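Please take a careful walk through the structure shown below, moving from its sheets and hairpins to its nonpolar cores and aromatic rings.

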Amino acid sequence: MGAHHRARAAAEAAGPVADGIGRRRFLGYVVAASTLTVAAQLGESVLAPAEAAAVVPSVPGPAEIYDLNDMLTHAALPTANLITIRVEADGTVSFALPRAEVGQGITTSSAMLIAEELDVPLDRIRVTLADARPELLFNQLTGGSNTTVSTFTPIRVAAAVARERLLKAAALELGEAVGILTTKAGAVVSSVTGRSLDYGELAAKAASVSTGQVSVALKKPAEFKVVGTAQRRIDALEAVTGRKKFAMDLHVPGALPAMVCRPPTINGTVRSVDNLDEVRSMPGITDVVTISTGVAVRGRTFGQCIDAVRALRANWGPGTADGASDDSVRDELRRAELPLPALNLLTKAVDARFTFHFASNSALEPNCAVADVRADSAEIWASLKSPIVAQEEIALKLGLPVSAVKVHVTEGGGSFGRKLFHDAAAEAAEISRAMGKPVRLMWHRTDDFRQGRTHPMSTSRVRATYALGEVLAYDQRHTSVATDFGHGVGEIITAEAARLPVGDLTFSETIFTLTQQTPYHFGLVTQLLSETDKRFNTGSMRNIYSPNVRCAQELVVDELARRMDKDPYRFRRGLLKDERGRAVLDKVAEVGRWGRSMPAGTAQGIALHPEYHSYVAVLAEIDCRPETTGRQIPDAFTGPRVTKVVCAVDVGLAVNPRGLEAQMMGGIMDGIAITLTSGLHLENGHFQEGSWDNYFYTRQWNTPPQLEIVVMPPTTGEPGGAGELAVAGAMAAVACAYGRATGTMPTVFPVNHAGPLGFEPLPTTPPIPASPTDGLSRAF
């Protein structure tokens, strides 16, 4: 349980933890408007947790007292009253969510919160994505599994204020006391006398001519009828029928397709172009310009743009990573590793070093944006998880005031950290200004693999010291290619601070410290980060540092159990700090039949991961037998197969259990991928992977035929983070299963990285497949 959950539990003598915020009253606002418009304002307190007892107890780490999720939640509070809910004259409810929907289902969960407190059907709630709003400061960043946590109470308070206003307006209209009126999910106010009024009839009457503060009480969890029930996504029909609007589906007058011819190596520069006039005269091409990242072309169709990009003969300057390879980066990381403490001669130790290769967080939707830049204004459309930074930095580069740059947040086809950066939006703005015309920019799939954001390569050096059957100390030194946090905490001040020579490392260390923890009593625990090498375009992939750090730790836990001749599950159970962690671990062991007899070459693995006030445990079974893993088609996909996964998840209160199950499934697939097959091969300054057909994410053959998600009953009155939670737990469980099946602890990830590529790398010049038809199939 996180710090602010403990503070609330301590403050609520009136009811048990399961009732969460109980009947505490919250302050909200009625906003001056023509129809009913409301907002929330509230405060938070923090209380440090008490220390648990154990044979060799560990002092709570920073992330156990106050973590990244707490920081993001508290940073959002001062501007919560600027987020409004509006009841329209037709009885529908409008809410502009200041976060990015990229497939995680937050528009649905947000609508559920409104439906719960306002007593309105889900199908009458219209959730859109808010444009960039600089006044929100830190309250428009989508990351850290924080959306539901930070908006849970503000959205409910605003909806409760709306409900109270509707009741009062109905009382005046009907001439009856408020106490005998009730609201129903049909969006009506009813009286015991049988009379009723629709919300639409009351919207204007409930409106206020001035903004004022009001006090409301929220429903107890025991009263919930919507929150905590499995709901279909409100955008499901549009998604499956192809009517859902992404950036490339928008109709912006005059905005024609655009693509960029990019350098053969990471961050190379254009020196000259030999055939500009020839390319400008190609069918359908309207413009060709040199920009900071390459040579941009604009044409009638994307196919014509691809032809033009392939035809360009550019001379390239050096990139930032020329000559670099996996081996050279790994050697650099090892030289930068921080030292481990000296080993006490009276103790024993598990000593291990793990290597995690570069990985891609390319979303299924290619990086894209629409831009219309004019002399005195600009308008941008893109899926952005940090739209305020995008607006402020694009305005700065264009030499325009921030108010002259409109940034519209569109729904995105996946992100996994990728859309924290606005590379495509900034590039589209640069192209539009240079051409003097609106553009619909789309990166080719190869662009994102070779010039886009990657999860940085890292090593983890671990030493666990033990004696007399007890773990006395755990030390972990995680060394990584620098993670770019240039998006900051969602606005330009922290974004710029993160880029300072010293500030960047400090920012990374802060994120590391606020996210990494160990759930076990390991005596004296230290986990430190060291970063090096800023030549690469990196970013936070789903779960940031946690999958690699947790994978290393759980493998060491398995090795400790082996050396002490203890069962891995029971060994973990005896060391756990928290009952919530013990409960999910017990559940996967029970449902997954831990310890069952299995053939040689197959095995179970089990792991636990706590983060963002939530817990997940994963049990994985793997088949590493050559006779079963060597017959997959195509040959490049041969290798171990995960045959079963059981996942138990406790997020405190699951707003939408069905959505939570989907989040866990996606995280499990990510965990399988980065453990076994998904990695980028760096060779001579460029990544050899260039498309999904040679970046081996979890495929159908590698998806476990048995997959079970267990959502634990509510343990707190509020939700914890969920979006990233399962990745680290799944990676660790699969790695532990692999180690037990093969008899050797894996130390390089993905485990297939050292084997043959299994594909013919695409050419680096131009970095586009040779055939236009092939290019289209691979890119789109």
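In this predicted model, Val481 stands opposite Thr532 in strand 24, and that pairing is a good place to begin. Strand 23, which covers residues 470-481, pairs with strand 24 in the parallel sense, and nine bridges hold this pairing. Both strands belong to an open sheet of five strands, whose order is 24-23-22-15-31 and whose pairing is mixed. Strand 24 (524-532) and strand 31 stand at the edges of this sheet, and because each has a single partner strand, one side of each is left without a neighbour in the sheet.

The strands named 15 and 31 in that order also meet through their side chains. Phe356 and Phe749 form a stacked aromatic pair, with 5.4 Å from centre to centre and 10 degrees between the planes. Since Phe356 lies in strand 15 (residues 348-356) and Phe749 in strand 31 (residues 748-749), the pair ties together parts that are 393 residues apart in sequence. Phe356 is buried, with a relative accessible area of 1%, and Phe749 is buried as well, its relative accessible area being 1%.

A second pair has another geometry: Phe696 and Phe759 are arranged edge-to-face, 6.2 Å centre to centre and with 80 degrees between the planes. Phe696 lies in the loop between strand 29 (686-687) and strand 30 (706-711), while Phe759 lies in the loop between strand 31 and helix 22 (772-779), so this pair ties together parts that are 63 residues apart in sequence. Phe696 is buried at a relative accessible area of 7%, and Phe759 is buried at 14%.

How many aromatic pairs are there when ring centres within 6.5 Å are counted as paired? The count comes to 13 aromatic pairs. Ring pairs also link Phe449, Trp692, Tyr695 and Tyr697 into a cluster. Rings in this model take part in arrangements with charged groups too: the charged end of Arg418 sits over the ring of Trp443, 5.5 Å from its centre, and the charged end of Arg453 sits over the ring of Phe421, 3.7 Å from its centre.

From the rings we can turn to the nonpolar interior. The largest nonpolar core has 59 residues, and those with the most contacts inside it are Val329, Phe354, Phe358, Phe536 and Leu560. Helix 16 (residues 546-563) supplies the largest share of this core, namely seven residues. Apart from this core lies another one, of 57 residues, which includes Val120, Ala169, Leu181 and Leu197. To return to Phe354, its contacts, leaving aside residues up to four places away in sequence, include Ser458, Thr459, Ser460 and Val462, as well as Ala552, Leu555 and Val556. Phe354 also touches Met745, Pro746, Thr747 and Phe749, the last of which is the ring stacked with Phe356.

Two residues named in the other core, Leu181 and Leu197, lead to a set of antiparallel strands. Strand 6 (residues 181-184) and strand 7 (residues 188-191) run antiparallel and are joined by four bridges, and Thr183 stands opposite Val189 in strand 7. The hairpin of strand 6 and strand 7 has three residues between the strands, and Ala187 in this hairpin takes a positive phi near 65 degrees. Strand 7 also pairs with strand 8 (residues 196-198), in the antiparallel sense over three bridges, and in strand 8 the bridge partner of Val189 is Leu197. Strand 7 and strand 8 form a hairpin with four residues between them, and Gly194 in the turn has a positive phi of about 100 degrees.

Two helices complete the tour. Phe152 is found in helix 5 (residues 147-174) and is buried, with a relative accessible area of 1%. Not counting residues up to four places away in sequence, Phe152 touches Leu113, Leu653, Val655, Gly717, Glu718 and Pro719. By contrast, the C-alpha atoms of Phe152 and Leu346, which are 194 residues apart along the chain, are separated by 51 Å. In helix 9 (residues 302-311), the residues Phe302, Cys305, Ile306, Ala308 and Val309 are buried. Seen down the axis of helix 9, its buried residues fall within an arc of 165 degrees, and therefore they line one face of the helix.

Terms used. Residues are numbered from 1 along each chain as its sequence is written. This is a predicted model: local features need pLDDT of at least 70, side-chain atom pairs count only at pLDDT 80 or more; totals for chains, interfaces and linings use all residues. Side-chain values use heavy atoms; hydrogens and water are left out. Buried means under 20% relative accessible area, exposed over 50%, partly exposed in between (1.4 Å probe, protein chains only). The arc is that of the directions from the helix axis to the C-beta atoms. Rings of Phe, Tyr and Trp (its six-membered ring) pair if their centres lie within 6.5 Å; planes under 30 degrees apart count as stacked, over 60 as edge-to-face and the rest as tilted. A charge sits over a ring if NZ of Lys or CZ of Arg is within 6 Å of the ring centre and within 35 degrees of the ring normal. A nonpolar core is a set of buried Ala, Val, Leu, Ile, Met, Phe, Trp, Tyr and Cys residues joined through side-chain atoms within 4.5 Å. Contact means heavy atoms within 4.5 Å. Two strands pair if DSSP finds at least two bridges between them.
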